[in-house]
Each structure stands twice: as structure tokens, then as C-alpha cells.
Amino acid sequence: MARPIAELSLDAELRKELQSMIDRPKALQRDVRRARIILKRAEGLSQQQTAEAVGVNRPVVVKWEKRFRQSGIAGLAEAKRSGRKPSVRMSVRKQIITEVTQPPVGHTRWSSRRMAKAKGVSANTVQRLWRANDLKPHITRTFKLSRDKHFEAKFWDVIGLYLNPPDKALVLCCDEKSQCQALERTQPGLPLGVGHIKTATHDYVRHGTVTLFAALNYLDGKIVRRTAARHTHREWLGFLKHLDQEAPEGLTLHLIIDNYATHKHPKVRSWIKWRNQGHLKACGSERLVMHFTPTSSSWMNLVERFFRDLTVDCIREGSFTSVRELNEAIELYLAQRDLQPKRYVWKAQGAAILEKIRRARATMESANNV
């Protein structure tokens, strides 16, 4: 007599789930094959008949039926394999990770190839270990922590203008982009085209510099600007008078500026005091209120974000035969920007920034004490 066929029973939910594995458009063929094995066995076919119907040998059917009986649908999943044994000794792996902070003599940092040569492994091995441990010796980030004794007071003064602008007032982020160089490339480069990149000579001829005074209106993103050949308190005072003339009468101008000596010149302070007294008598409020960012904290002044865009989009890759041509290029860029002014919005939370700065200071102090 033939051996009785061991039954494999499935409820409706299991059948539906196995069938969905088969019908899934992007299902792996191995998963489809395993699901079909279980369904064929549940239909009453023997293990040999199931093997012939699915196109495998009987031991394969036995294996996946056993796995299914033990763990259900989860038993049909691919088990984790042990993988190939590591070819790099653990001691070498540890050295690659720990010695990354100790560059070789005569060098400031390790490169993956230099480390690979020193440890007798491939560069890919070094890169893989560094990546797995989030080590990036090729990257350096610049920073500067302010030593201003009144840092937090100045910080909240400026941030408060961004987060809660006062009524009947203009918040203007002001600064100078000094020493904008009119550089002319010594030879014409090739334009961007299909199959080749844009080119430019590495050397250039200097034709002079210009200083751009700019005030970014925080509320609408518009730029009030003025160019000058020099960068002294006279040009800065002239720019303040220009702002005073451009702004509607009766409004208070809150100017966010840095601690450059030009901004605090006695003649500048004297004129501001005189202008505020007159405006106070006429309108009941001061005309110009100066808000100084903390020392070494120009990142708080949003006009620096505009200067970055101006440099990248207009100045850096240009070639100018004269200062006049540079001025014309800057004015053309600003005229186009005025058609659709871009507003820079401060979104960072002040408390989170201060906490980050406190952590950085604590880290720096602990590093100095080592």
C-alpha cells in the first residue's frame, strides 16, 4: 500500500495571503515558488506531485513545507545568512577606525588611499569602514563662537525683530559687500554645450574694486542699494541718508548691522542722534534704531544670505573689463531681482540655537582642557 499523503490545511485568510504573494507584480520568483508549493500541498497533492507541478525537486518541497508548518508565512522568507567571513583582521579594522584622528607625519589628515597603503588593505575597505562609523576626515567645517559678553541680549534683540516685527516700522538688514573685484579673464572661455563643460582661465587681470552698500527689507525682500569706490564712514553715512530719503516719513527704521568700526564712527552717531531728535519732535518716535549683532555673529544678519546669492549668480564667474562694467552687471542683477523679490524668512527657534551654542562651547572647553 502507498503511504498516505500528509494533509496541509489552510484557512481562507492564509490562502488569500499566499495568493497575493503570487499575484504581486514585483514579487520575487523565489517567493512565488514557495507560495505555490504551499498552495499545491494544501490542494491535496503529494510532495512529489507538488515538486513536478512547480518545477522543483522533492527535497525543496519538503524544506519549505517544514518551514511553513513551523513558522507560517514568516517561515517562507529568506533567512539571514552568515555571509563570507571577514578578510580583514579585527585588529586592523580597529586601527583604521581609531587612527583616523592621528594623521601621518607631514600630513594634516588621512586619505582613504594613504590609510589603505599603510594598513595593507584596499581603499574600498577603508571607505566602507569610515562610512559605517560616520567618519569623514575629508570634510572640515569652519566655525567661530562669539566671545561677546552681551551675546544673549543682542541675540534676542535681533531675533525678536525677525520673529515679531514691530508695527509702523521697517526692519532692514544692512551691510557692505566690500572689495568686489572687477576681474577680467585673460582669455575667453568655452560656453556650456553638449558634451563639454563651461571653461574659464585660471588667471585674470584686476581692474579695481567697488563696495556695495545694501539694505534688505525683511518684510518684502526688496533691496535698497548704493555703490561706492571706497568704504569709509563717509560712504556709510551717505548710505544711511539714502535710506532715510527712500523710506516713507513717519516710519521707524530698525537697522540690523554688525560691529564694524565704520558703523560706530562718532560722526555717524552724531548724525543719527540729530535725525532722531527731529523725527521724535515731528512724529513722536525715533527715525533710526540700530541693532548690533553680537561679535563674530554675522550669520544672524540675513543680508549675508543675499550677498551669497549675488556672489554665486553674478560676480564669481563673471569677467569684467572695468569697474563700470561690474557696476552695470550688479545693477542688472538687482533690477531683475526687484521684479520678483525673494524674501529670506528666519525660521530657527532662538532657544534651540542657544542650546547648540552652549554645547559647542562646552565641547571646545573640554577639548582645550585635554
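**Salt bridges, a lined pocket and two positive phi angles**

D309 is buried, at a relative accessibility of 7%. The model that shows this is a predicted one. The side chain of D309 pairs with that of R308 in a salt bridge, with N and O 3.0 Å apart. R308 is partly exposed, with a relative accessible area of 47%. The R308–D309 bridge thus joins a partly exposed arginine to a buried aspartate.

The salt bridges of the model number 19. One of them connects R69 and E65, whose closest N and O atoms lie 2.8 Å apart. Helix α4, residues 58-71, holds both partners. R69 and E65 are four residues apart there, about one turn of the helix. Their accessibilities fall in separate classes. E65 is buried, at 5% relative accessible area. R69 is partly exposed, at 44%.

Another salt bridge brings together the side chains of D31 and R34, at an N to O distance of 3.9 Å. The cut-off for a salt bridge is 4 Å, so the 3.9 Å of D31 and R34 falls within it. How far apart are D31 and R34 along helix α2? The two residues are three positions apart in that helix, which spans residues 29-42. This spacing separates D31 and R34 by about one helical turn. R34 is buried, with 8% relative accessible area. D31 has a relative accessibility of 22%. Buried means under 20%, so D31 counts as partly exposed.

The D31–R34 pair does not stand alone. Which residues are linked with D31 and R34 in a network of salt bridges? R30 and E78 are, so that the network consists of R30, D31, R34 and E78.

A polar contact of T232 was also found. The side chain of T232 meets the side chain of E235 at 2.3 Å. T232 sits in the loop that runs between strand β3 (223-228) and helix α9 (233-246). T232 is buried, with a relative accessible area of 17%. The limit for buried is 20%, so the 17% of T232 places this loop residue in the buried class.

Empty space was examined next. The largest pocket encloses a volume of about 530 Å³. Its lining is made up of 17 residues. Nearest the centre of the pocket lie F143, L145, K356, I357 and A360. Which element gives the largest share of the lining? Helix α13, residues 350-369, supplies seven residues, the largest share. By residue class, the lining comprises eight nonpolar, five polar and four charged residues.

Backbone torsions were considered last. Most residues other than glycine have a negative phi. Q179 has a positive phi, near 60°, and is not a glycine. This residue belongs to strand β1, residues 169-185. Is Q179 buried or exposed? Q179 is exposed, with a relative accessible area of 53%. The limit for exposed is over 50%, so the 53% of Q179 meets it.

S296 likewise has a positive phi, about 60°, without being a glycine. S296 is located in a loop, between strand β5 (288-292) and helix α11 (303-315). The relative accessibility of S296 is 33%, so this residue counts as partly exposed.

How values were computed. Residues numbered from 1 in each chain as written. Predicted model: local features only at pLDDT ≥ 70, side-chain atom pairs only at ≥ 80, totals over all residues. Heavy atoms only, no water. 1 Å grid on protein atoms, 1.4 Å probe; cavity = no way out; pocket = protein on both sides within 12 Å on 5 of 7 lines; lining within 4 Å. Points joined across faces, edges and corners; volume = space filled by probe spheres on them. Nonpolar A, V, L, I, M, F, W, Y, C, P; charged D, E, K, R; others polar. Buried < 20%, exposed > 50% of the residue type's maximum accessible area, 1.4 Å probe, protein only. Polar contact = N/O pair within 3.5 Å; in protein donor to acceptor, adjacent residues only side chain to side chain.
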